[in-house]
Amino acid sequence: MNKKIVELSTKRKVELNEMSIDDVDFCNDLLSISQNDSGNTVLKGLNKARTAWLRKGIAGGDFKIKINGNVPDSVLKELSEDEKNELNTLVQDYQKLGE
């Protein structure tokens with residue numbers, strides 16, 4: 001599978017994985033959107049989905065620990081909320097390149 005290096009707004013460099021279609025489907029299916037009785041939109045699984053995208057989409061980068069296949073909690077804990085959100089979008093966008 002292909003990989004790509006991106007630079008976040010914080011200057012941290014992260015290597016992205018090209019994910020399988022099954023992994024993309026898994027991550028997409030974690031988030032559910034519904035409407036409550038008041039007509040408000042309810043999102044469930046937002047954090048779980050973001051974590052899954054990051055675990056499956058990160059291949060390496062400027063982290064204290066070298067990533068060897070699986071992305072450990074310690075790597076995710078190095079990222080700020082802003083970095084996680086930015087990286088989540090970059091990971092998802094990278095998966096759409098082939099479409």
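**Exercise 1. The open sheet**

Determine the strand order of the open sheet of 3 strands in this predicted model, and establish which strands form its edges.

*Solution.* Begin with the pairings, taken one at a time. β1 and β2 (residues 13-17) are joined in the antiparallel sense over 5 bridges, and β2 is in turn joined to β5 by 3 bridges, again with the strands running antiparallel. The order is therefore β1-β2-β5, since two strands pair if at least two bridges are found between them. The edge strands are β1 (3-7) and β5 (58-61), each of which pairs on one side only. As for the twist, neighbouring strands of this sheet are turned against each other by 25° on average, with direction ignored.

**Exercise 2. Register across β2**

Which residues stand opposite one another where β2 meets β1 and β5?

*Solution.* Take the side of β1 to start with: lysine 4 stands opposite leucine 16 in β2, and isoleucine 5 stands opposite glutamate 15 in β2. Then turn to β5, where glycine 60 is the residue opposite glutamate 15. Glutamate 15 thus has isoleucine 5 opposite it in β1 and glycine 60 opposite it in β5.

**Exercise 3. Two hairpins**

Describe the hairpin of β1 and β2 and the hairpin of β3 and β4, and find in each a residue with a positive phi.

*Solution.* In the hairpin formed by β1 and β2, 5 residues lie between the strands, and lysine 11 in the turn has a positive phi of about 80°. The hairpin of β3 and β4 also has 5 residues between its strands, and there glycine 39 takes a positive phi near 90°. To complete the description of the latter hairpin, note that 4 bridges join strand β3 (residues 32-35) to strand β4 (residues 41-44) and that these strands run antiparallel, with glutamine 35 standing opposite threonine 41 in β4.

**Exercise 4. Helices on the sheet and on each other**

Work out how α2 and α4 are placed against the sheet, and at what angle they pack against each other.

*Solution.* Consider α2, which lies across β2 and β5 and runs at about 65° to β5. α4 packs on the sheet as well, touching β1, β2 and β5, and its direction makes about 35° with that of β2.

For the helix pair, two quantities are needed, because two packed helices are described by the angle between their axes and the distance between the axes. α2 and α4 pack at an angle of about 65°, with their axes 9 Å apart, and α2 passes α4 in a left-handed crossing. On the side of α2, the contact involves Arg50, Trp53, Leu54 and Gly57, while the residues they meet in α4 include Glu81, Lys84, Leu87 and Val91. By class, this contact has 4 nonpolar, 5 polar and 3 charged residues.

**Exercise 5. The second largest pocket**

Which element gives the most residues to the lining of the second largest pocket?

*Solution.* List the lining residues: Cys27, Asn28, Leu31, Leu46, Asn47, Ala49, Arg50, Trp53, Asn88 and Gln92. Next, assign them to elements; those that give two or more residues are α1 (21-29), α2 (46-57) and α4 (81-95). α2 gives the most, with 5 residues. The lining comprises 5 nonpolar, 4 polar and 1 charged residues, and the pocket has a volume of about 150 Å³. Finally, compare this list with the helix contact of Exercise 4: Arg50, Trp53, Asn88 and Gln92 line the pocket and also take part in the contact of α2 with α4.

Conventions
Residues are numbered from 1 along each chain as its sequence is written. This is a predicted model: local features need pLDDT of at least 70, side-chain atom pairs count only at pLDDT 80 or more; totals for chains, interfaces and linings use all residues. Side-chain values use heavy atoms; hydrogens and water are left out. On a 1 Å grid over the protein atoms alone, a cavity is a set of points where a 1.4 Å probe fits but cannot get out, and a pocket is an open set with protein on both sides within 12 Å along at least five of seven lines; lining residues have an atom within 4 Å of a point. Grid points are joined across faces, edges and corners, and a volume is the space filled by probe spheres set on the points. Ala, Val, Leu, Ile, Met, Phe, Trp, Tyr, Cys and Pro count as nonpolar, Asp, Glu, Lys and Arg as charged, and the others, Gly among them, as polar. Axes are lines fitted to C-alpha atoms, for helices over the stretch in contact, and angles run from 0 to 180 degrees between N-to-C directions. A crossing is left-handed if the near helix is turned anticlockwise from the far one by less than a right angle, and right-handed if clockwise. Contact means heavy atoms within 4.5 Å.
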